[in-house]
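These are comments on the model, set out as numbered points. Please read them with the coordinates open.

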Amino acid sequence: MITDPIADYLNRIRNAVKANHRIVEIPASNLKKEMTKILFDKGYILNYKFEDDKIPGIIKIALKYHPTTKLPAISELKRVSKPGLRKYCDSAAIPRVLNGLGIAIISTSKGLLTDKEARTLGVGGEVICFVS
């Protein structure tokens, strides 16, 4: 049993990027699916596929690399709010990642949002992770 599924999700992606893998498979949950959609929309991953024919389902993520230099699009994934110490912020105190070059994924009352979307909607919530 995994005690922190979000940390496991981030670690699997981080390890696959360091090993220069093209595809990583992760056990699915609704929160992980929403995080995957955000990473795809913001251009950090190449593609994704949800396979729900098994219990639990599987998320297949195609990682994105630069075509000539082979550098990954994801340089850093950092878990912010942990099970032992949750980090919450209001809309005025939402952190900026690399002065706006990265994103923070925030769990709000309106669902999972990036830091920029949460600021424009004026909602705060739990800061899940930083992606850059």
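1. Two strands are taken to pair if DSSP finds at least two bridges between them. On that basis strand E6 (residues 103-108) pairs with strand E8 in the antiparallel sense, over six bridges. Within this pair, Ser107 stands opposite Glu126 of E8. The model is a predicted one, and the remarks below should be read accordingly.

2. Overall content. The chain holds three helices and eight strands. Read from the N terminus, the order of elements is α-β-α-β-β-β-β-β-β-α-β.

3. Overall dimensions. The C-alpha trace spans about 40 × 40 × 25 Å along its principal axes. A compact globule of 132 residues would have a radius of gyration near 14 Å; the chain has 15 Å, so the two agree. Of the contacts between residues at least 6 apart in sequence, 59% join residues at least 24 apart.

4. Surface. Buried residues account for 42% of the 132 residues. The chain exposes about 7,600 Å², and carbon and sulfur atoms supply 54% of that area.

5. The three-stranded sheet. One open sheet has the strand order E1-E3-E2, with antiparallel pairing. E1 and E2 are its edge strands, each pairing on one side only. On average, neighbouring strands of this sheet are turned by 20° against each other, direction ignored. Helix H1 (residues 5-18) packs on the sheet and touches E1 and E3; its direction makes about 165° with that of E1.

6. Pairing within that sheet. Strand E1 (residues 23-27) is joined to E3 by five bridges, in the antiparallel sense; here Ile26 has Ile59 of E3 as its bridge partner. On the other pairing, strand E2 (residues 45-51) and E3 run antiparallel and share six bridges. Phe50 stands opposite Ile59 in E3, and Tyr48 stands opposite Ile61 in E3. Ile59 thus appears in both registers, with Ile26 as its partner in one and Phe50 opposite it in the other. The connection from E2 to E3 is a hairpin through six residues.

7. Is strand E3 mostly covered or mostly open? E3 (residues 58-63) is mostly covered, with five of its six residues buried. In a regular strand the side chains alternate between the two faces of the sheet.

8. Helix H2. This helix (residues 30-41) has 12 residues, which at 1.5 Å a residue should span 16 Å; its end C-alpha atoms lie 17 Å apart, so the length agrees with expectation. H2 lies across E1, E2 and E3 and runs at about 155° to E2. Its buried residues are Lys32, Lys33, Met35, Thr36, Ile38 and Leu39. An α-helix has 3.6 residues a turn, so residues three or four places apart point the same way. Just after H2, Gly43 takes a positive phi of about 85°.

9. Strand E8 and its partners. Six of the seven residues of E8 (residues 125-131) are buried, so the strand is largely enclosed by the rest of the structure. Besides the pairing with E6 in point 1, E8 pairs in the antiparallel sense with strand E4 (residues 77-79) over three bridges and with strand E5 (residues 88-89) over two bridges. In the E4 pairing, Arg79 stands opposite Cys129; in the E5 pairing, Cys89 stands opposite Gly125.

10. Backbone points to check. Most residues other than glycine have a negative phi, and most peptide bonds are trans. Which residue in the loop between E3 and E4 deserves a look? Lys70 lies in that loop, and its phi is near 60°, a positive value in a residue other than glycine. Lys70 has a relative accessible area of 49%; the cut-off for exposed is over 50%, so Lys70 counts as partly exposed.

11. A second such residue is Leu98, with a positive phi near 50°. Leu98 lies in the loop between E5 and E6. Its relative accessible area is 54%, and Leu98 is therefore classed as exposed.

How values were computed: Residues are numbered from 1 along each chain as its sequence is written. This is a predicted model: local features need pLDDT of at least 70, side-chain atom pairs count only at pLDDT 80 or more; totals for chains, interfaces and linings use all residues. Side-chain values use heavy atoms; hydrogens and water are left out. Helices (H or I, at least four residues) and strands (E, at least two) are DSSP runs, numbered from the N terminus. The expected span of a helix is 1.5 Å times one less than its number of residues. Buried means under 20% relative accessible area, exposed over 50%, partly exposed in between (1.4 Å probe, protein chains only). Axes are lines fitted to C-alpha atoms, for helices over the stretch in contact, and angles run from 0 to 180 degrees between N-to-C directions. Contact means heavy atoms within 4.5 Å. The radius of gyration is taken over C-alpha atoms; the globule rule is 2.2 Å times the number of residues to the power 0.38. Accessible areas come from the Shrake-Rupley method with a 1.4 Å probe; for residues, only the protein chains shown count as cover.
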